[in-house]
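Work through the following exercises with the coordinates open beside the text. Each task is followed by a solution that proceeds step by step.

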Amino acid sequence: MQTTLRSLTLVAAVPLLAAAAHAQCFQSQYGTLLGLGDDVVFAPQAMNITFPLGGLAATYTHAQVSTNGVVYLSNGATTNGTNSGYPSQAVFAGAAGQAPRIAPMWTDLEFLAANNAGVYFNDTIPGRFVITWANAWEWGTTAPIFNVQCQLFANGDVVFTYGPNAQSTAADTSTGVSAGNGIAFVADVDLSAGGNTSSTQYMRELMLAGSFDLGGKTVTLTPAGGGFAQSVTPCVTAYHDSYGKGCYDVSDSFYQFLTDSSSAPTVLNGQSLTLTPAGASYLAIWGGGTFVAPPATAGSLAVGDDSEVTVAPSVPFTTPSGSVSVLYVHGNGMISHAANNGIAPVSYSPDVAGFLDAPATGFFSWHDYNSSEAGSGTVKYHEATVGSDVIAYFTWDDVESYASPETINRSTMQFQLNLTNGIVTMVWVTVDGNASSIYGSAHLIGWGPVGPSADGGSLALATALPIVTSPTNARSLAMTAAPSPVSTASAGTIVTYTATDVPPFAPAAGVYIAMHILSLGQIAAGLDLGFLGAPGCSAYVTTLDYTQANVGFSSTATFTFALPAGVPAGTLLYAQTAALVQPNSLPNGQNAFGLTVSNGIQSYVAPF
């Protein structure tokens with residue numbers, strides 16, 4: 001069934017507005033996925049061109065791309081480029097012997113599968129090599145989501161292109177080019193103004209957190225006199241942006257994520273968390289634990305800095321998933337059923353994506369502890385018999401954390417594992433609040449089985465508990481759109497909207513009922529539909545200007561919209577999908593109305 005209302009017909013009838021000529025914009029063919037994640041430097045990739053940095057004789061054939069918006073150049077060898085997203089001026093310049101670096105947006109970016117994100121390369125276009133950081137966001141944030149692209153040309157041209165909402169709100173950004181090898185610093189420039197020149201292979205702009213001003217623009221660096229001449233042009237291509245979130249995510253794990261240590265004392269000091277086996281799940285409550293000081297006979301575990309050891313308790317540990325005879329203890333506050341040292345991908349930086357995809361079932365009070373620091377206490381282990389139960393105690397006893405500069409900042413916390421009945425208690429005595437570490441000072445508290453897990457969101461555990469963990473995952477209704485909504489004077493685009501994880505109308509019914517909505521109005525923050533009986537689901541559009549229904553036998557539904565020719569550049573369309581379910585049939589009996597909804601999609605119409 002399809003219903004078309006008059007407002008979108010009127011949009012199509014408006015004459016196309018004159019558009020200014022634009023310079024090089026996004027190359028829409030992203031090519032091959034390099035990967036995703038956080039703080040990753042991928043393996044060197046052949047560019048299929050010989051790139052002369054600054055147009056000079058020194059040429060490079062390979063690029064080593066970092067998720068943090070920087071590319072290192074080589075002739076095939078692995079570079080010594082850092083994976084840090086926080087480059088100082090010295091790091092940007094590069095020390096003696098270090099590789100050249102080209103940085104369209106060097107900051108702490110992150111790429112999650114949930115955002116359809118990824119880092120891509122395309123080496124198939126003659127005369128150029130293209131790197132795209134697609135659907136990125138800044139680590140520690142959830143918005144905005146944006147694209148950044150770098151094109152390297154065989155003649156030495158360098159082109160950076162930015163999505164209109166590109167921004168770094170929590171960290172500084174370095175943008176430009178450096179030959180590395182200890183090149184001398186020169187004064188920073190304002191790339192957004194254009195017209196900059198450099199007589200050396202070094203040009204940089206440092207933009208402080210929240211001040212990135214190249215969104216919707218293209219920056220071109222052209223070799224000139226051994227250095228570069230720089231220009232900037234506007235470039236807003238047609239795009240789709242996701243906003244908001246569908247309902248509901250049901251996760252088989254739970255967590256609370258604190259972005260840095262500043263709030264940790266308030267949240268954790270003097271508190272505890274208790275997990276009691278309940279069939280195949282855990283009942284989690286806030287409280288119920290008391291710290292037990294380790295005796296003088298307690299042994300110290302050699303967890304050092306960012307390492308993991310095994311402990312074989314005197315009796316196997318009873319868990320909802322079976323008996324565990326060996327426990328893995330990580331110095332950064334994790335105890336797991338199996339090896340867990342490769343998490344996140346770096347174990348010292350608590351990361352939600354890493355937690356959800358953890359390689360082992362485990363208990364987390366994850367933080368960058370460092371018991372190897374001078375003066376630090378140690379991670380201790382002892383067992384005690386309490387009544388008929390044997391309890392294993394793992395104590396971070398006055399253990400240091402990183403700080404910049406280093407100072408005394410110690411914490412004491414404890415895992416108590418009742419080996420007999422499987423009850424697990426985490427107790428925090430004092431957690432340090434120093435948030436100065438250049439490596440991050442986040443905390444992630446929770447429990448999760450071996451990944452992947454759906455993301456149920458960070459909980460305020462003190463108020464969100466008690467909960468019973470789910471034995472399964474269910475992902476929220478989500479929607480994407482492709483291709484880009486291009487409308488020229490002579491041609492339009494057939495846009496396909498794809499809804500995934502549509503819930504069945506009734507449990508085990510195998511029938512899925514969905515409706516797609518296009519609108520000229522947006523509710524950016526979302527309107528919670530609790531007043532209808534669908535709490536936790538939000539409306540992201542204001543009107544039903546164009547609707548399509550889909551009844552099928554798959555949890556994926558597709559809808560097409562023929563965007564006509566002649567739609568004015570800059571026109572914004574908004575979309576959302578809704579699905580019908582039997583009232584109260586969702587987990588925990590929620591949603592009396594019987595409606596779930598997806599995220600919203602904002603579509604920006606442009607002629608390219």
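**Exercise 1.** Determine which side chain makes a polar contact with the side chain of N122, and describe where N122 sits.

*Solution.* In this predicted model, the side chains of N122 and T124 are joined by a polar contact of 2.6 Å. The next step is to place N122 in the secondary structure, where N122 belongs to strand β9, which covers residues 118-122. Turning to accessibility, N122 has a relative accessibility of 4% and counts as buried, because the cut-off for that class is under 20%. Finally, once residues up to four places away in sequence are set aside, N122 touches Q29, Y30 and G31, and also R128, F129 and V130.

**Exercise 2.** Find the disulfide of the structure and establish which parts of the chain the pair ties together.

*Solution.* Searching the whole structure yields one disulfide. The partners are C247 and C537, whose sulfur atoms lie 2.0 Å apart, a value that satisfies the cut-off of within 2.5 Å. The link of C247 and C537 is right-handed, with 100° about the S-S bond. C247 lies in the loop between β18 (239-243) and β19 (254-258), whereas C537 is in strand β39 (residues 534-541), and the pair therefore ties together parts that are 290 residues apart in sequence. As for accessibility, C247 is buried at 3%, and C537 is buried with a relative accessible area of 0%.

**Exercise 3.** Decide whether T220 is buried or exposed, and list its contacts beyond its sequence neighbours.

*Solution.* Begin with the strand: T220 is found in β16, which spans residues 217-224. The relative accessible area of T220 is 17%, and T220 is therefore classed as buried, since the class requires a value under 20%. Leaving out residues up to four places away in sequence, T220 touches V158 and V159, together with A229, Q230 and S231.

**Exercise 4.** Characterise the surroundings of S519, including the polar atom pair that involves its side chain.

*Solution.* S519 lies in strand β37, which comprises residues 512-519, and S519 is buried, with a relative accessible area of 0%. A polar atom of the side chain of S519 is 2.9 Å from the backbone nitrogen of G521. Apart from neighbours within four places in sequence, S519 is in contact with V541, T542, T543 and D545, as well as with L573 and Y574. As a last step, consider D172, which is 347 residues from S519 along the chain: the C-alpha atoms of S519 and D172 are separated by 37 Å.

Technical notes:
Residues are numbered from 1 along each chain as its sequence is written. This is a predicted model: local features need pLDDT of at least 70, side-chain atom pairs count only at pLDDT 80 or more; totals for chains, interfaces and linings use all residues. Side-chain values use heavy atoms; hydrogens and water are left out. Helices (H or I, at least four residues) and strands (E, at least two) are DSSP runs, numbered from the N terminus. Buried means under 20% relative accessible area, exposed over 50%, partly exposed in between (1.4 Å probe, protein chains only). Contact means heavy atoms within 4.5 Å. A polar contact is a pair of N or O atoms within 3.5 Å; within protein, one must be able to donate a hydrogen and the other to accept it, and residues adjacent in sequence count only if both atoms are side-chain atoms.
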